[in-house]
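Here are some notes to read beside the structure. Please keep the sequence and the 3D view open while going through the points.

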Amino acid sequence: MVVFRIERRSGLPAYLQIVHQVEQALRMGALVEGDKLPTAAQVAATTKVNPNTTLKAYRELERSGLVEVRQGAGSFITRTLATPQTAPESPLRTQLGAWLREAREQGLSAHEVTTLFDAALVDVFPEAAPLPAHTPAG
C-alpha cells in the first residue's frame, strides 16, 4: 500500500501531491493494476489532510483513467505507467541505486544528492529547469 507524504510548504495543493505520488508509484511499479488505494479516512489519519482532499485526488486519477472508484469497495488502480526502464529490476534503476549508495558512503546528505541530481538533470534535460520566480517590477 502506498503511504502519502504531504509537503505543506511546497506550494503545490495537497490533492495534486497525492495525484503525483500515485503517478510516481505507478511509474516505478510500486502500484500495479488491481491494487487498492488507502481510503480517504486512512490518508487523512496519516497526512492530516481533509478526507475531501483525497477524494478530489482520486476523482482526478479516475478522470485520467488510472483509478476506478467502486462504491462500497474502494479505489483501485486500473492501469500502470511503468515501463521496462523504470521497473525495480531494470538496469538503469539498479545503476542509479548503486550511485546513490556511493553518494551516501561519501557522506552526501539526501538534500545534497537531490541538489546534485537536479543540476545533472537540467544539464541533460534543459526543459526540466524550473521556471524563474516572478518578481514584481519595482
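1. Is Arg63 buried or exposed? Arg63 is exposed, because its relative accessible area is 63%, and the cut-off for that class is over 50%. Please bear in mind throughout that this is a predicted model.

2. Arg63 has a charged partner. Its side chain meets that of Glu60 in a salt bridge, with an N to O distance of 2.8 Å. Glu60 has a relative accessible area of 30% and is therefore partly exposed. That class lies between the limits of 20% and 50%.

3. Where do these two residues sit in the chain? Both belong to helix 3, which covers residues 51-63. Glu60 and Arg63 are three residues apart there, so about one helical turn separates them.

4. The count of salt bridges comes to two. Besides the pair in helix 3, Arg70 forms a salt bridge with Glu68. Here the closest N and O atoms are 3.2 Å apart. Arg70 counts as partly exposed because its relative accessibility is 36%. Glu68 is also listed at 36% and is partly exposed.

5. The stretch around Arg70 deserves a look of its own. Strand 1 takes in residues 67-70 and strand 2 takes in residues 74-77. The two strands run antiparallel, and four bridges join them. Across from Arg70, in strand 2, stands Gly74.

6. How many residues lie between strand 1 and strand 2 in the hairpin? There are three residues between them. One residue of the turn is Gly72, whose phi is positive, at about 80°. As background to this point, side chains in a regular strand alternate between the two faces of the sheet.

7. The last topic is a nonpolar patch on the surface, with an area of about 420 Å². Leu96, Trp99, Leu100, Leu116 and Phe117 make up this patch. Two elements give two or more residues each: helix 4 (91-105) and helix 5 (110-124). Helix 4 gives the most, with three residues.

8. Which element holds Phe117? Phe117 is placed in helix 5. Phe117 counts as partly exposed because its relative accessibility is 39%. A patch residue needs over 30% relative accessible area, so a partly exposed residue can qualify for a patch if its value is above that limit.

Terms used
Residues are numbered from 1 along each chain as its sequence is written. This is a predicted model: local features need pLDDT of at least 70, side-chain atom pairs count only at pLDDT 80 or more; totals for chains, interfaces and linings use all residues. Side-chain values use heavy atoms; hydrogens and water are left out. Patches are made of residues with over 30% relative accessible area and no salt bridge: like charges are joined within 9 Å, nonpolar side chains (Val, Leu, Ile, Met, Phe, Trp, Tyr) within 5 Å. Accessible areas come from the Shrake-Rupley method with a 1.4 Å probe; for residues, only the protein chains shown count as cover. A salt bridge is a side-chain nitrogen of Lys or Arg within 4 Å of a carboxyl oxygen of Asp or Glu. Buried means under 20% relative accessible area, exposed over 50%, partly exposed in between (1.4 Å probe, protein chains only). Two strands pair if DSSP finds at least two bridges between them.
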